[in-house]
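This report looks at the places in a protein model where a ligand sits or where space is left open. Please keep the sequence and the 3D view at hand while reading.

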Amino acid sequence: MTDSPSMSEVLKDCPKNWGRWGEDDEVGALNFLTAEEVLRGVQHVKQGKVFPVQLKMGDPNGDPVWPGRRAAERLMVIDEGNWIGGSAPEFPGGLHYADDFITAFLQGSTQYDALGHVWYDGEIYNGYDAKTTIGGLKKASVLPIAEKGIVGRGVLLDMARYRGKDRLEKGETFTHEDLEACAEKQGITIEKHDIILIRTGFLGSFHEDGPVKFYDGFNEPGLTFSKELVEWFHEREIPNLVTDTIANETTYEPDTGVALPLHCALMRNLGVTFTEICDLEALAEDCASDNQYAFLYAAAPLKIVEGTGAPVNPIVVK
Ligand code: UVW
C-alpha cells in the first residue's frame, strides 16, 4: 500500500461542500432534508408495512465488525439468579427485576458515522482542524446528526439481485452507472435528495461461511471511487448513503489500492452521512415481491456527546 497515491492526489479534482451551509455546519448534506423532503417521503407510505433495518446487536453467534473492532458485549448485572442466591435487595411488595449493560464500539453495529469520523491532510468535514477530534469530536460529532433526525424518501437498490446473486463477492465493485441501471430494472428513478439504500447481501457470509473465511483477505464489495461517481452524488445532492456492508464502499479502490476513498470524497468533502451494517434482507424480499422500491426512511442515531458514530435502528415504512 506504500506505493499508493495520497488521498489528496486521488481526490484532487473532486467537489466539496465545505462552507455551503455556513462555517458552523456539522450535518452536511442532511441539510437537504427539509420539511418538503419529509413530505415527499411520506407520499410513499402506501401499505402500512414497517421494516426496522438494524442488524441484531450482541448476537451470541457474533456480530460482523471492521477488523480490529469488537462486537458489543452484553453483561447481566442482576436477574432472578440473584434472588435465588440471596444477593439481591428486597423491595416492599416483592419486586424483582433484571438489569444489564453493554460495552460496544460506537462503530461496531448498525450505525451512523459522524461527519468527523474520517479525514486526511489534517482537516475534517467543513475544514475543521483534525485536532478537534482529540479526546472526543468537538466538531462534526454524531450529536448534531442525532439532534436533527433523518427523514426523507428512501430508495432500495438491490445490487445483489440485479446481478443475479444471493450476495456480491469479496472485492466486487459497482459504480453510479450500475446504480442507475439497477434502478431502471427495478422500475424507479433515483431522484434528487433521495436517501440511497444499497443491498449487497455480503454480511450474510459472516454467519454462513463463518468469521475466519469472512475476514480472510478482507475486502468488502461496494461502490468504488471515480470522480464521476463523486460528481453524481454531488449533483443529485444525496444526503445519506445506507448499506448492508461494514464500510459502505469496496475496502480497497482497485486501481490505486487506496483504502476507503469514498469515506473521504463523500463524507469528509461532501458531507454525505454514512449508515453502515444494516440488515436489508427482509426489506429486499418484500420489495422484490411488491415491486415498491421507494418508501419513507426515518432514523435517529443515539445522542452520544462527542461521539464518532452511534448505534441506530432505522425504520423503513412502505
Ligand atoms: C472505518 O472508517 C475504518 O470504518 P467505518 O466507517 O466502516 O466505521
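In this predicted model, a polar side-chain atom of E276 lies 3.0 Å from an oxygen atom of the ligand. Two histidines have contacts of this kind as well: H117, at 2.9 Å from a ligand oxygen, and H263, at 2.6 Å from a ligand oxygen. The table sets out these distances.

| Residue | Distance from a polar side-chain atom to a ligand oxygen atom |
|---|---|
| H263 | 2.6 Å |
| H117 | 2.9 Å |
| E276 | 3.0 Å |

How much of the ligand does the protein bury? Taken alone, the ligand exposes 260 Å², and 91% of that is buried by the protein.

The residues around the ligand are W66, R69, Q107, Q111, D113, H117, V118, I246, A247, L260, H263 and E276. Sorted by class, this shell has five nonpolar, four polar and three charged residues. The nonpolar ones are W66, V118, I246, A247 and L260. R69, D113 and E276 are the charged ones.

The next topic is empty space. Rolling a probe the size of a water molecule over the atoms shows where such space is left.

The largest pocket has a volume of about 300 Å³. Its lining is made up of 18 residues, and G201, L203, G204, E208 and E281 lie nearest the centre of the pocket. Which helix gives the largest share of this lining? That helix is α7, which spans residues 204-209 and supplies four residues. By class, the lining of the largest pocket divides into nine charged, six nonpolar and three polar residues.

The structure also holds one cavity of 30 Å³ or more. The volume of the largest cavity is about 30 Å³. Which residues line the largest cavity? They are L55, K56, M57, D63, P64, G108, S109, T110 and I277. Four residues of this lining are nonpolar, three are polar and two are charged. The two charged ones are K56 and D63.

Last comes the division of the chain. The protein chain is split into domain 1, made of residues 15-56 and 107-317, and domain 2, made of residues 73-102. Taken over C-alpha atoms, the centres of domain 1 and domain 2 are separated by 40 Å.

Notes:
Residues numbered from 1 in each chain as written. Predicted model: local features only at pLDDT ≥ 70, side-chain atom pairs only at ≥ 80, totals over all residues. Heavy atoms only, no water. 1 Å grid on protein atoms, 1.4 Å probe; cavity = no way out; pocket = protein on both sides within 12 Å on 5 of 7 lines; lining within 4 Å. Points joined across faces, edges and corners; volume = space filled by probe spheres on them. Helix = DSSP H or I, 4+ residues; strand = E, 2+ residues; numbered from the N terminus. Near = heavy atom within 4 Å. Polar contact = N/O pair within 3.5 Å; in protein donor to acceptor, adjacent residues only side chain to side chain. Areas by Shrake-Rupley, 256 points an atom, 1.4 Å probe, with all protein chains shown as cover. Domains from an automatic or database assignment.
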